[in-house]
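Here are my notes on the model shown below, set out as numbered points for your review.

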Protein chains: 2
Amino acid sequence: MRKSIATVCLSGTLTEKLTAAARAGFDGVEIFENDLLASPLTPEEIAARTADLGLSIDLYQPMRDIEAVPEEDFVRNLRRARHKFELMRRLGADTVLVCSSVSPRAVNDDSLAAEQLSRLADLARESGVRVAYEALAWGRHVSTYDHAWRIVEAAGHPALGTCLDSFHILSRGSDPKGIEDIPGEKIFFLQLADAPRMAMDVLQWSRHHRCFPGQGGLDVAGLLRHVLNAGYAGPLSLEVFNDVFRQADAGRTALDGLRSLLALEETAGVLPLPAPVVPSGVAFAELATSDPEPVGALLTALGFTRTARHHGKPVDLWARDEARVLVNAGAAGRRTDTALAAVGLETADPQASARRAEALLAPALPKRRSAQDVPLESIAAPDGTEVLFCATGRPELPSWTDDFTRTADNATADRTADNATADRTADRAPANRTPDSTPADRTAIDHLAFTQPWHHFDEAVLFHRTVLGLSPHDTVELADPYGLFRSRALSASSDEDGPRLVLNLAPSPEEDGGTRARHVAFAVDDLVAAVRGFRAAGARLLRIPANYYDDLEARFDVPEGELETYRELGILYDRDEQGGEFRHCYTETVGQVFFEFVQRSGGYRGFGAANAPVRLAAQRR
Amino acid sequence: MRKSIATVCLSGTLTEKLTAAARAGFDGVEIFENDLLASPLTPEEIAARTADLGLSIDLYQPMRDIEAVPEEDFVRNLRRARHKFELMRRLGADTVLVCSSVSPRAVNDDSLAAEQLSRLADLARESGVRVAYEALAWGRHVSTYDHAWRIVEAAGHPALGTCLDSFHILSRGSDPKGIEDIPGEKIFFLQLADAPRMAMDVLQWSRHHRCFPGQGGLDVAGLLRHVLNAGYAGPLSLEVFNDVFRQADAGRTALDGLRSLLALEETAGVLPLPAPVVPSGVAFAELATSDPEPVGALLTALGFTRTARHHGKPVDLWARDEARVLVNAGAAGRRTDTALAAVGLETADPQASARRAEALLAPALPKRRSAQDVPLESIAAPDGTEVLFCATGRPELPSWTDDFTRTADNATADRTADNATADRTADRAPANRTPDSTPADRTAIDHLAFTQPWHHFDEAVLFHRTVLGLSPHDTVELADPYGLFRSRALSASSDEDGPRLVLNLAPSPEEDGGTRARHVAFAVDDLVAAVRGFRAAGARLLRIPANYYDDLEARFDVPEGELETYRELGILYDRDEQGGEFRHCYTETVGQVFFEFVQRSGGYRGFGAANAPVRLAAQRR
């Protein structure tokens with residue numbers, strides 16, 4: 001029989017995947033949409049490459065959340081489908097996979113599903129393609145193959161058939177015998193996968209996936225309160241079977257475990273720790289480098305000005321409005337690459353921050369880096385990043401800015417170092433803004449992203465949550481061409497303007513020193529204007545493939561001109577369920593660091609995770 | 001509150017774990033039994049070390065499958081408990097964890113459980129210790145904390161209390177409020193762990209753990225037959241979301257996938273492949289080395305004789321009865337360490353074996369390594385091992401032995417090269433054995449163990465199963481001090497004497513070149529006699545800690561003198577459910593290879609997995 005393989009089975013770029021499939025001797029491929037979006041090749045080039053390799057494109061996949069939805073949704077879905085059918089024509093693919101809907105807007109109505117799939121099939125037939133409808137095992141209303149087939153049968157449309165997937169059928173324990181009742185010509189496609197019989201029973205869960213209290217999802221503190229109410233007076237003892245801990249450094253794991261118990265006691269109300277002082281913002285990001293020129297050139301093109309210099313060390317302060325970056329060339333000889341080495345967090349009470357950190361076993365760093373420096377409270381995060389507690393612009397407290405002397409480079413820089421905090425307050429109230437404000441004038445640090453060392457992701461999340469009092473968001477997975485990144489953001493829950501930290505875990509230890517997930521993101525008010533400025537100044541920005549914009553057009557109602565602007569400038573776009581919008585773009589990488597510029601509106605709280613696969617693939621090139 | 005940590009949470013040796021716990025600031029530890037067994041320290045030394053570090057031993061754990069069993073079982077359990085209570089006295093540990101029984105021999109009888117636990121507690125009290133009874137979430141009859149408490153309450157014994165574990169309670173969704181009804185002084189211990197809310201729903205299972213057909217546990221071939229019966233004529237398409245495949249080399253993954261489809265078609269009866277020729281034995285194991293002296297010295301001490309030499313290359317044949325090892329010094333310059341590089345498998349029809357391999361995309365290697373060599377069919381296994389198909393002693397076929405010339409070293413070696421197969425046949429029928437046979441005279445290769453490259457474990461199992469026609473055993477996990485090994489054996493299902501291959505997967509990529517899981521195991525009839533011979537000849541064998549033998553005494557009725565012999569000689573012992581016995585020992589490691597000697601009796605089919613943690617820890621030293 002002809003044999004195909006979905007590109008999602010293989011690692012690497014789309015080109016690498018196609019080559020591997022052809023060399024192994026496959027006859028065809030399924031093109032997984034994300035692989036196409038991340039590819040710099042046009043659909044026509046992909047078609048030509050595939051044909052040259054002797055492969056057919058047997059399936060394009062997936063289209064999701066199409067059927068059994070309110071009419072207004074379905075009209076939007078048809079619009080999206082028209083884009084995809086046109087793309088398939090360019091690719092030369094004649095079958096598209098439609099998975100059963102998982103959307104909460106889908107209704108449990110087989111006749112509506114059949115009617116809408118039939119209308120989709122009408123459109124498909126016009127475009128010369130056919131639709132293979134598949135029951136996802138976790139579909140909202142349609143989750144078994146026989147149910148999907150009943151809907152296809154009811155629709156009775158020649159361009160509509162079913163797709164069978166061995167995983168979806170067998171994982172649910174469905175009896176595959178009933179397949180024989182489906183006419184063979186209506187089985188448009190067969191996808192095959194096996195899986196270990198795991199389904200993670202509680203024994204396996206226990207033996208491999210336990211973690212320290214506060215690192216998982218169980219209410220351990222609630223349980224502890226009941227145990228204490230019972231009168232238990234023995235020790236709190238950690239018993240954690242965890243595949244990662246077995247390999248990690250025992251000393252670090254032990255500290256991490258003890259920290260988890262201290263935080264647990266605090267949550268259970270039996271140990272009063274110094275209260276957390278949630279940071280209110282980012283005072284600065286500090287890059288260490290042995291060669292400050294390339295990053296200086298990039299910062300200049302990004303509209304930053306060198307405004308001040310450390311009085312005793314080769315450290316420059318670069319600023320663009322409220323966004324401050326220290327470039328520390330004192331690391332010469334120790335480090336070759338430019339790297340994100342430290343972050344200054346604004347806190348109302350640096351000493352209280354330090355007391356909290358100490359109580360939670362955070363390693364304190366020397367208060368002064370050299371004899372003449374202002375003393376600053378500072379700790380080491382689990383990934384080695386230095387975290388300094390800053391109280392910028394509070395004259396009664398020592399300030400990191402006291403170590404810096406204004407340079408004559410730029411007159412507008414005056415306010416940056418001395419009045420940074422006052423400025424932020426002013427910027428929050430637009431009425432108070434200084435007359436020279438321009439729309440792209442409110443640059444500030446939006447978030448910082450750090451790659452975490454292999455084995456220490458949960459430790460890092462617990463550390464930042466407990467020591468800094470930040471709130472973790474959900475973990476998301478980001479598909480890189482060579483593996484999955486785990487990513488988890490933390491932010492001040494009460495304060496939209498507080499610092500946001502994003503912790504990324506690379507898919508394998510080899511990626512530990514990887515450069516593709518460690519960066520500083522700056523927020524601006526008008527990203528398009530800012531990017532035009534960067535380009536005029538010669539900054540090199542990350543190039544985004546055209547396929548991404550074709551997909552954007554299918555997914556969102558972005559006004560035509562706006563989309564063209566994004567395409568021209570390499571701006572990525574996302575929109576959340578509530579209509580909040582996120583526009584962002586990336587610079588080239590210098591050493592081990594790169595910059596992102598973001599524009600948030602409508603209360604968007606995420607970080608553009610939907611765009612991460614395209615960005616990560618682009619950074620691979 | 002006092003804070004403890006179970007040694008199982010931390011990586012490394014027991015000493016490293018204790019040090020890490022103390023440095024982090026814990027007050028005490030739970031000693032996990034396996035950590036003690038693998039330690040070279042005596043219980044008294046562990047007690048002293050722990051005290052020096054300022055730690056108490058708050059718990060010794062676990063004791064399993066104690067209660068609610070037939071009286072004869074319980075008497076044996078009490079005997080085991082007496083050993084453990086004595087051990088606890090030496091350790092200075094006053095509380096032991098007893099987990100609820102998972103044994104199929106346990107009965108659902110709370111009053112029997114209470115009565116037997118009460119008798120256990122009597123014995124404990126005499127020894128000055130107390131018993132903390134815990135409900136495992138997967139306990140056979142007792143799986144909830146309130147059930148365990150009802151049994152403890154019914155027993156009403158001062159030396160019997162309950163142990164609570166947050167994972168076991170919360171993972172089952174039990175309401176922890178009821179804990180408050182337990183008197184605090186009867187809660188002897190509290191173990192804390194969290195866990196991600198996963199329980200592996202089908203979506204997560206699908207997104208991360210799919211694999212190619214034949215690599216998992218789903219009946220994909222059965223499903224395919226139904227689809228074909230329905231009349232489907234489209235392609236077979238692989239759609240596999242797998243975290244490992246995302247990182248692995250795409251070319252290898254594609255080949256692996258295509259092989260899985262070919263094997264699937266064969267299983268479903270739609271593709272006739274050349275039938276597998278199951279190998280009937282191991283002709284030889286070949287070591288490559290740049291320095292043959294150390295391994296030659298070791299083989300000599302192990303009773304091997306250099307019997308023949310390759311006519312054109314620096315390859316020596318070493319033999320001890322039917323066990324043949326080639327030492328190939330032709331790799332000088334390419335490889336520094338001695339390594340297991342090739343295996344010759346006996347097959348009735350080498351060409352048919354090669355046709356099967358070719359049909360399943362196994363990479364064929366050149367038939368002759370150099371111009372004057374006998375042509376031999378040979379392929380490369382996924383881990384790079386060369387597999388040669390041999391038909392030793394069949395004059396009508398080319399034989400690998402034709403390349404070898406007998407050396408004058410040893411008269412008894414005459415028969416080895418020429419008549420190896422005939423000899424094996426003779427050995428199977430004891431009546432035909434040659435008069436000079438001695439009890440330790442039937443040495444043969446029992447199994448070969450290979451470390452698999454990271455990312456390619458499932459591929460290797462599929463390869464050996466389909467290409468060689470071997471049957472995989474269940475996957476087992478072996479705890480190394482620094483992580484878990486996965487291990488899976490394959491053997492000829494129909495033939496006890498056929499080759500056995502053991503594939504091991506190291507816990508992390510760093511271990512890929514690891515030396516601790518690649519070895520040749522030789523079967524002998526009388527291991528004790530053989531080991532005495534090795535020691536007399538100066539062979540260095542792996543030293544096994546005394547704690548292991550103390551535990552052996554508690555677990556099995558090994559006659560006193562026999563146990564002392566094992567302890568003296570470093571022999572490990574295992575017994576299966578059916579009473580089959582396994583005795584084995586290990587040599588020192590030379591380069592990247594070591595040897596094992598095994599003695600099987602009573603139909604024992606395993607590989608001593610229960611002893612692997614002790615062996616792996618000993619090899620770390």
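Which residue is the bridge partner of Ile5(A) in E8(B)?

1. It is Leu238(B) that serves as the bridge partner of Ile5(A) in E8(B). Strand E1 (residues 3–6) of chain A and strand E8 (residues 236–238) of chain B are joined in the parallel sense over 3 bridges, where pairing requires that DSSP finds at least two bridges between the strands. Strands here are DSSP runs (E, at least two residues) and helices likewise (H or I, at least four), numbered from the N terminus.

2. This is a predicted model, in which local features need pLDDT of at least 70 and side-chain atom pairs count only at pLDDT 80 or more, while totals for chains, interfaces and linings use all residues. Residues are numbered from 1 along each chain as its sequence is written, chains are lettered from A and ligands numbered from 1 in the order in which they are written, and side-chain values use heavy atoms, with hydrogens and water left out.

3. A closed barrel of 8 strands, with parallel pairing, runs E1(A)-E2(A)-E3(A)-E4(A)-E5(A)-E6(A)-E7(A)-E8(B). From one strand to the next, the twist averages 30°.

4. In chain B, helix H11 (residues 250–268) packs with helix H16 (residues 457–468) at an angle of about 40°, their axes lying 10 Å apart, with axes fitted to C-alpha atoms over the stretch in contact and angles running from 0 to 180 degrees between N-to-C directions. The contact (heavy atoms within 4.5 Å) involves residues including Arg252(B) and Asp256(B) of H11(B) and Glu459(B) and Phe463(B) of H16(B). The residues of this contact divide into 3 nonpolar, 2 polar and 4 charged.

Definitions and conventions. Ala, Val, Leu, Ile, Met, Phe, Trp, Tyr, Cys and Pro count as nonpolar, Asp, Glu, Lys and Arg as charged, and the others, Gly among them, as polar.
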